[in-house]
Amino acid sequence: MTTIETSTPLAVESSSPPVRPSASPGRVAFRQFLRSPSGVCGACLLILIVLGTAIGPVVYPVDPLDLVGGPFTAPSADAWLGTDYLGRDVLAGLIYGGRASLAVGAVAALITIAIGLTVGALSGFFGGAIDAALVKITEFFQILPPLLFAMVLVTLFGQKLTTITLAIGAVSWTSAARLTRAEFMRLRNLDFVKASRAAGAGDAYLILRVLLPNALPPVIVSATLAIGVAILFEGGLSFLGLGDPNTMSWGLMLGQNRNYVLDAWWAVIFPGAAIFLAVLSISLVGDGVNDAINPRLRRRM
Amino acid sequence: MSTLLKVENLSVGMRGSTGVVVPVLENLSFAVEAGRTMALVGESGCGKSMTALAIMRLLPEDFVVTSGRILLEGEDILSASPKRMRSLRGNGISMIFQEPMTALNPLFTVGDQIGEVLRWHSGVGLAEAEQQAIALLRAVQIPAPEQRVKAYPHQLSGGMRQRVMIAMALAGRPKLLIADEPTTALDVTVQAQIFDLLADLQKETKTAIVLITHDLGAVAELADDISVLYAGRCIESGDADSVVSHPCHPYTRGLLDCVPQLKLGPRPPQAWSDLAEIAGMVPPLGARGPDCAFLARCREASELCRSRLQPALEPITDDHAVSCWRKSELAA
């Protein structure tokens, strides 16, 4: 005798497959990132660079500002990558300069994104007069030539690493703001936003918990790339002689030795290559992040 | 039974780019009692959803309420402060949307989303909110609610998501539930389940429902009262049975004729009858004159109709009112 099951409330839907333990969107994106070749290559390269600057002094304990030999000593067993125009060690410069360059890049990118997200979110969410005012401010910053504006800021407030970082942030937040604003405008009319509002959500909740997480994917990609841009920016400022003379950085090395490139290529090529590799690795990581969190693009590729 | 929601002479307009306000809803009045269901019926573009959004005070930016009052338990919600409105939404009135596929936040689990509403309106803690979310999912007949509470929207089918939406809408224990075409995006079999679910939940919670639909089958099954909207005007209203069985306005008759009737028999019929249609289209916004809005499409229109303005909504029996110049002839 078989007994017939009668307790299922829904004959149609109870046959649907059992729920698998669900992975959070973050974990899904991470798994996807690991599948992107460019992302993984970039991440490995970036980790190597970061590790190099972190444990470099242990392996190669030389002060980057010490004069270890005559100027323009070619790479040798004493100074692995040679010395610069003052006789300072290039490899030590790369190690300590990398710390400064990466830190400036990361912090400036954070500032960029923080300002951009705030302005863009308020602008896109509220619309109307708030939007009009914020867009005007954004446009004002946008029409200023960024490098020139940053040079003015650094000249005005002093050639210190913090000033340089803030200046880079202050001139490069506009694209993040526009991106965030566009995402918010697209999202705010979607059903789940209306549904949230209909369930009693306030503005703060809608902005922070409903719209922001959904607007983040493109912003994360642009934030990643902003690190690379900020490193280049710092390099550019230092190259033009507006770097912090008391802190070794890749851009500073490049700037101070640029006149001697034909005589002592190592003092210019190595910091240049370091900037190139760092920005390249960050771009690759950005690519991988984009693949991981932008499913539509991923399909096409 | 006391009147829960009273809409009085509600008019909504759309502000055009030139500043001219084009009427979208004109002089709409209806009332809903606790535990009863009011159906708003009509074609697309007749102002059904605008009515719902006006009650929620969630009209799109360019739309304004030009006159009228909306009373929830005697409180005029059109003049309520934004703060008061926030606490009313979800708690006093909540809403189910048409598209369950897009009405849930894709980045949070359904438990999170239901729990959030619970925490706003009853101030429970995280753990308690999850327990109550599971109970709500069980109440909307989702199998294995303990597991589904941790599911993301994309892991659920359309019918399931609509159930989640209903659970979310009920989480704040609303007195009034507005269901804006809750089954339009769903399979026919699932539609019936959702309607049954709504009817069951209404019996338990005594929630009043405003059902927006063009599914007259659903109306006959679920609704107690009906208002038929045409081009932003209420053209027939009354007791659901009376309106469905004795429609008086030519538009309501046309709508009912459009419902396919399944004839069962051993052989196909000798002659296939064509499914009726109502020729023409709803007049677009701004093209609505002062005369009867349905005039251009009406098969019964006479010279009398053409020479007069939009007829008033007048009762023909105790619980049935029609806005038609020829109502007495047509009712006979």
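**Figure 1. B:Glu61 is exposed in this predicted model, at a relative accessible area of 61%.** The residue sits in the loop of chain B between helix 1 (48-56) and strand 4 (63-72). Its side chain meets that of A:Arg188 in a salt bridge, with 3.6 Å from N to O. A:Arg188 belongs to the loop between helix 7 (174-187) and helix 8 (191-198) of chain A, so this pair joins two chains. Over all chains, the count of salt bridges comes to 19.

**Figure 2. A salt bridge links B:Arg36 and B:Asp225.** The closest N and O atoms of the two residues are 3.4 Å apart. B:Arg36 lies in the loop between strand 2 (21-33) and strand 3 (37-41) of chain B, while B:Asp225 lies in strand 9 (residues 225-230), so the pair ties together parts that are 189 residues apart in sequence. With a relative accessibility of 29%, B:Arg36 counts as partly exposed.

**Figure 3. B:Glu116 and B:Arg119 form a salt bridge within helix 3 of chain B.** The N to O distance between the side chains is 3.8 Å. Both residues belong to helix 3 (residues 110-122), where they are three residues apart, about one turn of the helix. An α-helix has 3.6 residues a turn, so residues at a spacing of three or four places point the same way. B:Glu116 counts as buried because its relative accessibility is 8%, under the 20% limit. B:Arg119, at 33%, is partly exposed. Salt bridges with shared partners join these two residues and A:Arg209 into one network.

**Figure 4. Helix 2 of chain A bends at A:Thr53.** The helix covers residues 37-59. Its 23 residues reach 30 Å from the first C-alpha to the last, close to the expected 33 Å. The bend at A:Thr53 is about 40 degrees, and the proline A:Pro57 follows within four residues. Both A:Thr53 and A:Pro57 are among the buried residues of this helix, which also include A:Ser38, A:Gly39, A:Gly42, A:Ala43, A:Ile49 and A:Gly56. The buried residues pack against helix 1 (25-34), helix 3 (90-126), helix 10 (250-257) and helix 11 (266-293) of chain A.

**Figure 5. A nonpolar patch on the surface includes A:Leu51.** The other members of the patch are A:Ile47, A:Ile55, A:Val58, A:Val59 and A:Trp80. Together, the patch residues have about 630 Å² of accessible area. A:Leu51 is located in helix 2 of chain A and counts as partly exposed, at 42% relative accessibility.

**Figure 6. B:Thr213 is buried, at 5% relative accessibility.** The residue is found in strand 8 (residues 208-213) of chain B. Apart from neighbours within four places in sequence, B:Thr213 is in contact with B:Leu40, B:Val41, B:Gly42, B:Lys48, B:Glu181 and B:Val219.

**Figure 7. A:Pro71 lies in the loop between helix 2 and helix 3 of chain A.** The proline is partly exposed, with a relative accessible area of 48%. Leaving aside neighbours within four places in sequence, A:Pro71 is in contact with A:Thr83, A:Asp84, A:Tyr85, A:Leu86 and A:Gly87. A:Leu156, 85 residues from A:Pro71 in sequence, is 33 Å from it in space, C-alpha to C-alpha.

Terms used:
Residues numbered from 1 in each chain as written. Chains lettered and ligands numbered in written order. Predicted model: local features only at pLDDT ≥ 70, side-chain atom pairs only at ≥ 80, totals over all residues. Heavy atoms only, no water. Patch = residues over 30% accessible without salt bridge, like charges linked within 9 Å, V, L, I, M, F, W, Y side chains within 5 Å. Areas by Shrake-Rupley, 256 points an atom, 1.4 Å probe, with all protein chains shown as cover. Salt bridge = Lys/Arg side-chain N within 4 Å of Asp/Glu carboxyl O. Buried < 20%, exposed > 50% of the residue type's maximum accessible area, 1.4 Å probe, protein only. Expected span 1.5 Å × (residues − 1). Bend = angle between axes of the 7 residues up to and from the residue. Contact = heavy atoms within 4.5 Å.
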